[in-house]
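Here are some short exercises to work through with the structure open beside you. Try each task yourself before reading its solution.

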Amino acid sequence: MGYLASAAQILVNFAFVLLISLIVLRVLLQIVRANFYNPVCQFLYRITNPVLMPMRKLIPAWRNLDLAGVLLAWLLCALKLYLLYVLDGRHLGLAGLPLIALADLLDFLLMLYFGLILVRVLLSFVNVDRANPVVPLIYQLADPVLRPIRKRLPAVAGLDLSPMVVMLVILLARVLLVGPVLDFGLRLSQGA
């Protein structure tokens, strides 16, 4: 692969990860019912509404889950993967692409939560300005994942071990859930 193809792969990956991040964060913030008046939420709504609102007319939300946003994130993952394979000079059969894109989206979501929980832990050790609009969003996104473990796992010497347990579960889910889905998608793709 040439230098230009490598540079193009970096640019494609960066652009699509940015787009997928915007969509996934909007979906997650709707699920946790984040404060709409938060400037970060308003930015996400403003930037994603032109694409998501027309899609929502065709694909309504289910409870708090924005199905149009999930579909858009999945389609963006599929397009990203297809472009990356083309730039690499490899063939990606369309039969396995939906599963590969699903695995990629699940992996993205798991790693996003890994990062959110890590930042949440770091924020608990330092004195941060709670007025910063990002801080409450990190807590709102991470706490629903940490809360069930926190209820079942007592604090040891005043230390909350729930982030460590959740991060371990995330890493195991990448190996035991995302890995097999990705492998099956790749096998389907090569068999086509």
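**Exercise 1.** Place I59 in the predicted model, then decide whether I59 is buried, exposed or partly exposed.

*Solution.*
- Start with the location: I59 belongs to the loop that runs between α2 and α3.
- Next, take the relative accessible area, which is 23% for I59. Buried requires a value under 20% and exposed a value over 50%, so I59 is partly exposed.
- Now list the neighbours. Leaving out residues up to four places away in sequence, I59 touches L67, A68 and L71.
- Finally, look at one of these partners: L71 is 12 residues from I59 in sequence, while the C-alpha atoms of the two are 9.0 Å apart in space.

**Exercise 2.** Find the aromatic pairs and classify their geometry.

*Solution.*
- Two numbers are needed for this, since a pair of aromatic rings is described by the distance of the centres and the angle of the planes.
- The count comes to 2 aromatic pairs. For F36 and Y37, the ring centres are 5.7 Å apart and the planes stand at 75 degrees, so this pair is edge-to-face.
- F36 also pairs with Y45, again edge-to-face, with 5.2 Å from centre to centre and 70 degrees between the planes.
- Put together, the ring pairs make a cluster of F36, Y37 and Y45.
- Add the accessibilities: Y37 is exposed at 65%, F36 is partly exposed at 42%, and Y45 is buried at 15%.

**Exercise 3.** Which residue has its charged end over the ring of Y85?

*Solution.*
- Look at R90: its charged end sits over the Y85 ring, 4.3 Å from the ring centre.

**Exercise 4.** Describe the largest nonpolar core: how many residues does it have, and which elements give two or more residues to it?

*Solution.*
- The core has 49 residues, and those with the most contacts inside it are I20, V24, L29, I117 and I170.
- Two or more residues come from each of α1 (3-31), α2 (39-58), α3 (67-87), α4, α5 (134-152) and α6 (162-191).
- Among these elements, α4 gives the most, with 12 residues.
- To see one of the well-connected residues at work, select I20. Not counting residues up to four places away in sequence, I20 touches A73, L76, C77, L105 and F108.
- One of those partners, C77, has a relative accessible area of 1% and is therefore buried.
- C41 is buried too, at 1% relative accessibility.
- A check for disulfides gives a count of 0.

**Exercise 5.** Two polar residues remain, Q9 and D107. Are they buried or exposed, and what do they contact?

*Solution.*
- Begin with Q9 in helix α1. Its relative accessibility is 17%, so Q9 counts as buried.
- A polar atom of the Q9 side chain lies 3.1 Å from the backbone oxygen of L84.
- Move on to D107, which lies in helix α4 (residues 97-125). With 19% relative accessibility, D107 counts as buried, because the cut-off is under 20%.
- Its contacts, not counting residues up to four places away in sequence, are with R174 and V178.

How values were computed:
Residues are numbered from 1 along each chain as its sequence is written. This is a predicted model: local features need pLDDT of at least 70, side-chain atom pairs count only at pLDDT 80 or more; totals for chains, interfaces and linings use all residues. Side-chain values use heavy atoms; hydrogens and water are left out. Helices (H or I, at least four residues) and strands (E, at least two) are DSSP runs, numbered from the N terminus. Buried means under 20% relative accessible area, exposed over 50%, partly exposed in between (1.4 Å probe, protein chains only). Contact means heavy atoms within 4.5 Å. A nonpolar core is a set of buried Ala, Val, Leu, Ile, Met, Phe, Trp, Tyr and Cys residues joined through side-chain atoms within 4.5 Å. Rings of Phe, Tyr and Trp (its six-membered ring) pair if their centres lie within 6.5 Å; planes under 30 degrees apart count as stacked, over 60 as edge-to-face and the rest as tilted. A charge sits over a ring if NZ of Lys or CZ of Arg is within 6 Å of the ring centre and within 35 degrees of the ring normal. A disulfide is a pair of cysteine sulfur atoms within 2.5 Å. A polar contact is a pair of N or O atoms within 3.5 Å; within protein, one must be able to donate a hydrogen and the other to accept it, and residues adjacent in sequence count only if both atoms are side-chain atoms.
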